[in-house]
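Dear colleague,

I am passing on the structure below, and my notes on it follow. Please read them with the coordinates open beside you.

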Amino acid sequence: MDITQCPLSGKTRSEHDLLGYMNVPVEYYFGIQTMRALENFHISGIRLHSFPEFIRALAEVKQAAAMANRDLGILDAPIAEAIVKACMEISQGKLHEHFVVDMVQGGAGTSTNMNANEVIANRALEILGHQRGEYQYCHPNNHVNLSQSTNDAYPTAVKIAMIRTTAKVIASLRLLIDAFAVKGEEFAEVIKMGRTQLQDAVPMTLGQEFEAYAATLREEIERLEQNMKLYLEVNMGATAIGTGINSDPDYTPLCVDHLSRITGLQIVAASNMIEATNDTGVFIINSAVQKRLAVKLSKICNDLRLMSSGPRAGLNEINLPPMQPGSSIMPGKVNPVIPEVVNQIAFRVIGNDLTVTIAAEAGQLELNVMEPIIVHCLFESMEMLIRGMNTLRDKCILGITANEEVCRNMVYNSIGLVTALNPYLGYEASSELAQEALKTGKGIYELVLEKKLMSKEELDNVLKPENMVKPRKFAARK
Ligand SMILES: O=C(O)C[C@H](O)C(=O)O
């Protein structure tokens, strides 16, 4: 819930901008420019306060800028201190309900930047002992936005928030990987049929299947961590287009130093500010990395749905924990709702990646004005991935059980078992066996003994689970 949904006293203060005057409810810490954005952008319905890490990062950027301006002597110390205090309150979680603009907006993020500038200015005014709206003492543009433009402050805040949100994605991913690894060990002895093209292939263990899920997801940690490092390069001091107009030559290093200390991140200034101001390459990579993770999660969920299909007329190799009645008409039916919802998250992340790609491509000359939709997509994808992975782990993976007998019977009744006899009988004889088994309905095991192709001891040894699920030494072929 944000402040615009709360009951108001009806009292207002008058504020003006280049378009004229507006009455701003006294309860609001934001001012006229945020009011304009509220009127203009009823778009996604998702407001800034849905992403607290973003608000925290905006406050940290504004704090670093105020400290650098104070150090340079271009912002009076009492005003700087009030701004710093207001920013610290916000980064600690206060006043988030006043960050109300829609995430999706025209104007390259100016509405977001002004929402932050106005809330900080009004809180700083209170700290200085003035009334909200008395901007002659602390002004959103003149003081809070000093030495900045949206075009450096906004992407810098986005990057800091992305680093922290990515860390949360990694934390959830690690827990999910651990859950798959635990199941990998639990199912280490469960022999089952491996399949390619959805046809019987060769045996494996269910443990190998689950350990492979852990392994494929483990690779994603490195991809996400690499991406986090790219976000450390920022363009504070670039101001509008990277030339640094209206900023002091010493502002960038000072601001970056303060920002590093405030955030605890090793932030560096971009070497080419013009490039850094119009480039969205880091967002493209981040989106691609998220898509890669989403695609892998979705593939795994497809597998879980297949392996748990049934219970009587499907593969029925595993049981997913039942989460809810599946059907309004079919009594007793239970659906794999958790993998299904994770599939849908993946579709959304894949769609968001396309949006990010198109928006990144749409940059023109010195700026990419499409950054708000990029930012919205990236945050949405990350938040959905975090929730999706937590849900998948807690409500599905940890509770999976194996139908050992079903898995084993499918191996011993399968024609695919014949592949294990290849090295002993040769491809031709094995093919004939497979065809006969198919035609007669007899098992491979039975046929080999019937035709005296191998002794029972030899056959049992070859078909031991541990001999079929990993490489082994063979005698030379004659
Ligand atoms: O808001 C600003 O500081 C600049 C704006 O994004 C613009 O380039 O028009």
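**Ligand site, salt bridges and surface**

In this predicted model, an N or O atom in the side chain of Thr 110 is placed 2.7 Å from an oxygen atom of the ligand. Thr 150 brings a polar side-chain atom to 2.6 Å from a ligand oxygen, and for Asn 151 the distance from a polar side-chain atom to an oxygen atom of the ligand is likewise given as 2.6 Å. On its own the ligand has 270 Å² of accessible area, of which the protein covers 58%. The residues around the ligand are Gly 107, Ala 108, Thr 110, Ser 149, Thr 150, Asn 151 and Leu 367, and sorted by class this shell holds 5 polar and 2 nonpolar residues, with no charged ones.

Turning to the charged side chains, the count of salt bridges comes to 31, and three of them may be worth your attention. Glu 53 and Arg 56 are joined by a salt bridge with an N to O distance of 3.4 Å; the two residues lie 3 apart in helix 2 (residues 52-71), so about one helical turn separates them. Glu 53 counts as buried, at 13% relative accessibility, whereas Arg 56, at 28%, counts as partly exposed.

A salt bridge also links Arg 123 to Glu 126, at 2.8 Å from N to O, and here too the residues are 3 apart, in helix 4 (residues 110-127), and therefore about one helical turn from each other. Arg 123 is buried, with a relative accessible area of 17%, while Glu 126 is partly exposed at 25%.

In the third, the side chains of Lys 442 and Glu 450 meet at 3.2 Å, N to O; Lys 442 is partly exposed at 31% relative accessible area, and Glu 450 is partly exposed as well, at 45%. Salt bridges with shared partners also connect Glu 53, Arg 56, Glu 60, Arg 164 and Lys 168 into one network.

On the surface, a nonpolar patch is formed by Val 295, Phe 347 and Ile 350, which together have about 260 Å² of accessible area. Ile 350 belongs to helix 11 (residues 337-361) and is partly exposed, with a relative accessible area of 33%; since patch members need over 30%, Ile 350 passes that cut-off.

By contrast, Ile 163, which is found in helix 6 (residues 150-186), has a relative accessible area of 6% and is buried. Measuring from C-alpha to C-alpha in the model, Ile 163 and Asp 248 are 28 Å apart in space, with their positions 85 residues apart in sequence.

With best regards

Methods: Residues numbered from 1 in each chain as written. Predicted model: local features only at pLDDT ≥ 70, side-chain atom pairs only at ≥ 80, totals over all residues. Heavy atoms only, no water. Patch = residues over 30% accessible without salt bridge, like charges linked within 9 Å, V, L, I, M, F, W, Y side chains within 5 Å. Areas by Shrake-Rupley, 256 points an atom, 1.4 Å probe, with all protein chains shown as cover. Salt bridge = Lys/Arg side-chain N within 4 Å of Asp/Glu carboxyl O. Helix = DSSP H or I, 4+ residues; strand = E, 2+ residues; numbered from the N terminus. Buried < 20%, exposed > 50% of the residue type's maximum accessible area, 1.4 Å probe, protein only. Near = heavy atom within 4 Å. Polar contact = N/O pair within 3.5 Å; in protein donor to acceptor, adjacent residues only side chain to side chain. Nonpolar A, V, L, I, M, F, W, Y, C, P; charged D, E, K, R; others polar.
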